[in-house]
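Here are a few exercises to work through with the coordinates open in your viewer. Try each task before you read its solution.

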Amino acid sequence: MQKEMAYSFPDEVLKHVFSFIQSDKDRNAVSLVCKSWYEIERWCRRKVFIGNCYAVSPRMVIRRFPEVRSIELKGKPHFADFNLVPDGWGGYVLQWIAEMAGAYPWLGEIRLKRMVVTDESLELIAKSFKNFKVLVLFSCEGFSTDGLAAIAASCKNLRELDLRESEVDDLSGHWLAQFPETCTSLVSLNISCLGSDEVSFSALERLVDRCPNLRSLQLNRAVTLDKIANILRRAPQLVDFGTGNYAAELQPDVFSNLAGAFSSCKELKSLSGFWDVVPAYLPALYSICPRLTSLNLSYATIQSPDLIKLVSHCPRLQRLLFLIQVLDYVEDSGLEELASSCKDLQELRVFPSDPFGVEPNVSLTEQGLVAVSLGCPKLQSVLYFCRRMSNAALVTIAQNCPNLTRFRLCIIEPKTPDYLTLDPLDAGFGAIVEHCKDLRRLSLSGLLTDHVFEYIGTYGKKLEMLSVAFAGDSDLGLHHVLSGCESLRKLEIRDCPFGDKALLANAAKLETMRSLWMSSCAVSFGACKLLGQKMPKLNVEVIDETEPPDSRPESYPVDKLYIYKSVAGPRFDMPPFVWSMDEAVKILH
Amino acid sequence: MGRPTSSSSSIDSPNHFAFSSTASSQRDLTTDLRLGLSISIAPPYVREQWPPMKAAVAEEEHECNSSTFYVKVYMEGIPIGRKLDLLAHESYYDLIRTLEHMFHTNIIWAEAEMDRDHYEKYHVLTYEDKEGDWMMVGDVPWEMFLSAVRRLKISKC
C-alpha cells in the first residue's frame, strides 16, 4: 500500500503541484511532510524571503535552494529608521551578491530593505545576472549614481527599479541616460529619493517614451510642475504616479496643460509626491479623483480647507497618507471630512508638522482619529502622531474598528497621561488589544504601567510586532509580553525599566522570535553574557559606542542590545562598537 | 575588527572607539542616572531620536515649512537685546557662528575650547529652559534643545 502511494505521484507531478504554492509558510510546511517532498520542494523553490540577513548565511541558503530566481533580504533593525542604530552597524549585501553571482546565474529579482548596498554590489549585480528584472532598494544606503548607471547600462530587460527612501550619493545626473535605446521593458521606476542633480530630465523623458508598459513612476523633487504634463502625455497608461515638486506660480496655460495631461491618464489610481504643494494646482487632479484609491500627501504642505475640497472629490480613497505641517494643517476638521467621504478607507497615517515643538501648532487631537474610526468601518491600519489622547477615545476606536491589524500611536511627549483623567493609558490600549482580535502590529506611547502589558499578554495572541518606549514599571511588564504573546516575532523596546529577570526567565521565547531590540533599558552585561552562553541558537549583540561593556562591572546595564535567532552563528562583520556574547567568539579572542 | 575583551584593555585613547561628542555627553547623563538611581526617575532623561519618525520626513519639515522660532538673546552689560530664529539653524555649530558674528565675541559652550589667558575675550552662552533654569548650551541634542529653550544669554567669563 505504501509503495503504491509513493509511486502514484511522480516527481514531475509533485513539482507541478508545488508550483501553485507561493507562500513561504505553506512551502515550509510542504517541505516537512517527508524527505522526498523536502527534496522536490527545495529544488523548485524560486522565491526566498530572509527577514534578517544575519539569521542565515548565503551559503546555507544556496545549499538548500539551488534554483532561486527571487530573493528578499532585510538588514538593520527597525529602530535604525530613527537613528538608534549607529552607522557602520552592518547589513552589508555584498557577500550575498558575490555568493549568489556564482550560484544563481538566473537570479532575476533582488529586494532589499535597510541594507548597505555599495556601488561594487550594484556593479556585481549588473555583471552577474543576465536575466535581471527587478531591483528594489527600500531604505538602503551606501551607493551612488555610479552604481545606478551600471544597473541601467547592463540590465537589458529591467522591469523594476525602485529606490524608495534610500540614501543615494549624487555624483552625476546622467545615469538615466545609461539605459540603452533598446531598453523598453520598464514597468516601474521610483526615483523619488534622489536629490536635485541626480536626474537628467531629457533622458527620463526619452526613457518614459520608449517604455509602453510603464505602470508606476515616482519622480523626485527636482522635477518641476511644468514638466509633469510632458511626462504624463508620454505615459497615459500610468496606474501609479508620484509628482515631483508641485509648486509654481499659477499660470492658466500651465494649469490647463496639466489638467489635460492628468485627464488623459485613464488608468491612474494612485498619487504621491506633491512637494511644496501649491493649492491652486490641486484642481488639476479633479478629473482623476473619482478613480483614486491611494493618495500619499505626506510631503504636501496642504491646509485643511484645500484638503477637504480635494478629498470631497475622492470617494473611493482606500489608502491615504497625510503629513501635517506648520501653518498648513489637516486638523480634526480635515479628518472628519475624510471620515464622511471616504467610506472605504483602510489605512490612515497622520504625521506631525512640527515634531519637536512643545506646544501644539495645529488643531489635531484624538478627535480626528475617533471620527475616522466611526466613519470608516474598513479601517485596518493606523499610524497617528498627536499630542493628547484619552482612554475613552481609545476604547471608542477599539469598539468602532475591531478589524484593525496595525495600530501605531505616537503621543509626542513621552509619558503623557490621559488628558481628561490624568490616568495612565493602560485601559485604552487594553481595549485595542481586546477588541481587535486580528491585531498584528502595535506601537505604544503615553503614560503606561505594567498593566498595559498584562492586557497585551492576555489578548494579543496574534500580535507579531510590538514597539514600546518610555513605558512600564518593572520586569513584570516585559514578562507579560514574552510569556503571553504567542505569535510575537519582533519586539523593540527603548527607555523602559526592564532588566534581567524577565529576559532570563523567558530566554526560550527568544528562540521563537525573529529579533529583540532593547536600548536604554536596564539589562546588565552579565545577563547578556549569560544569554549568549546558554542560548547557542541566539546571537546576542551588545552595542556600545563609548567603551567596551566588559570595562565596567557586570551588573552595569548595557546601552543597546540586539538579540536574534540565527543558524549562521555569530557574524564576522561586526564593527568595533558591537560585541557578540557568543562564547566561541570570546575564546577566539 | 578585533576588540579587547579583557578588562585590562585601554580605553584612554578617545580615538579608539568611534563616538560623537553628543553621544559622550549623553552617556555621562545616563551614567549619572544609572549609578544608584532607578531608570524611572522624573525628567531630565535622555531622549534622543524622538519622536520616532524617519529622518527624511522630519527633515522635510525643517526645510520646506515656513515656521520660525525666534528667541531673545541678551548680552551681559547691554540692555538692548537681539532676536534670533533658531529654526534657521541646523546645529549648535551653526548657532554659535551666528552669535559670534552678531555679538562680535568668542562664545564658550559645551563643545568649545578656551584660551585661559585671555578669558576677557570670551563669553559664555547659556539658555533658559522650560523650568526656568539657566543651562549651558550644547549638552543635549540639538532637537531637544530646540524644544526646551526659552531664551539665550551671553555672559562674561
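**Exercise 1: a ring pair in chain B**

B:Tyr92 has a relative accessible area of 7%, so it counts as buried. Keep in mind that this is a predicted model.

Task: work out how the rings of B:Tyr92 and B:Phe145 are arranged, and where the two residues sit.

Solution. Start with the partner: B:Phe145 is buried too, with a relative accessible area of 0%. Next, the geometry. The ring centres are 5.3 Å apart and the planes make an angle of 55°, so the pair is tilted. Stacked would need planes under 30 degrees apart, and edge-to-face over 60. Finally, place the residues: B:Tyr92 belongs to helix H3 (residues 92-103) of chain B and B:Phe145 to helix H4 (residues 142-148) of chain B. With their positions 53 residues apart, the pair links distant parts of the chain.

**Exercise 2: the surroundings of B:Arg150**

Task: find out where B:Arg150 lies and which residues it touches, leaving out those up to four places away in sequence.

Solution. Begin with the loop between H4 and strand E6 (151-156) of chain B; that's where B:Arg150 is. Its relative accessibility is 36%, so B:Arg150 counts as partly exposed. Now list the contacts: within chain B, B:Arg150 touches B:Phe69, B:Val71, B:Glu128, B:Asp129 and B:Lys130, and from chain A it touches A:Val358. For a sense of scale, B:Asp117 is 33 residues from B:Arg150 in sequence, and their C-alpha atoms are 32 Å apart.

Zoom out to finish. Chain B has four helices and six strands, running α-α-β-β-α-β-β-β-α-β from the N terminus. Of its 157 residues, 40% count as buried.

**Exercise 3: two helices in chain A**

Task: how are helices H7 and H8 of chain A oriented, and what kinds of residues make their contact?

Solution. First, the axes: H7 (residues 119-128) and H8 (residues 145-154) of chain A come within 8 Å and cross at roughly 5°. Anything under 35 degrees counts as roughly parallel, and H7(A) and H8(A) are therefore roughly parallel to each other. Second, the contact: H7(A) contributes A:Asp119, A:Leu122, A:Glu123, A:Ile125 and A:Ala126, while H8(A) brings A:Asp146, A:Gly147, A:Leu148, A:Ala150, A:Ile151 and A:Ser154. Third, sort them by type, and you get six nonpolar, two polar and three charged residues.

**Exercise 4: rings in chain A**

Task: classify the pair A:Phe407 and A:Phe429, then look for a ring cluster and for charges over rings.

Solution. Over all chains there are 24 aromatic pairs. In the pair of A:Phe407 and A:Phe429, the centres are 6.4 Å apart and the planes 65° apart, which is edge-to-face. A:Phe407 sits in strand E16 (residues 406-411) of chain A, A:Phe429 in helix H16 (residues 426-435) of chain A, and 22 residues separate them. Burial comes next: A:Phe407 is at 0% relative accessibility and so counts as buried, and A:Phe429, at 0%, is buried as well.

For the cluster, follow the ring pairs that link A:Tyr54, A:Phe79, A:Phe82, A:Trp89, A:Trp517, A:Tyr562 and A:Tyr564.

Last, the charges. A:Arg164 has its charged end over the ring of A:Phe138, 5.3 Å from the centre. A:Arg388 lies over the face of A:Tyr419, 4.1 Å from the ring centre.

How values were computed. Residues numbered from 1 in each chain as written. Chains lettered and ligands numbered in written order. Predicted model: local features only at pLDDT ≥ 70, side-chain atom pairs only at ≥ 80, totals over all residues. Heavy atoms only, no water. Axes fitted to C-alpha atoms, helices over the stretch in contact; angles between N-to-C directions. Parallel < 35°, antiparallel > 145°, perpendicular 65-115°, else oblique. Contact = heavy atoms within 4.5 Å. Nonpolar A, V, L, I, M, F, W, Y, C, P; charged D, E, K, R; others polar. Phe/Tyr/Trp six-rings, centres within 6.5 Å; stacked < 30°, edge-to-face > 60°. Buried < 20%, exposed > 50% of the residue type's maximum accessible area, 1.4 Å probe, protein only. Lys NZ or Arg CZ within 6 Å of the ring centre and 35° of its normal.
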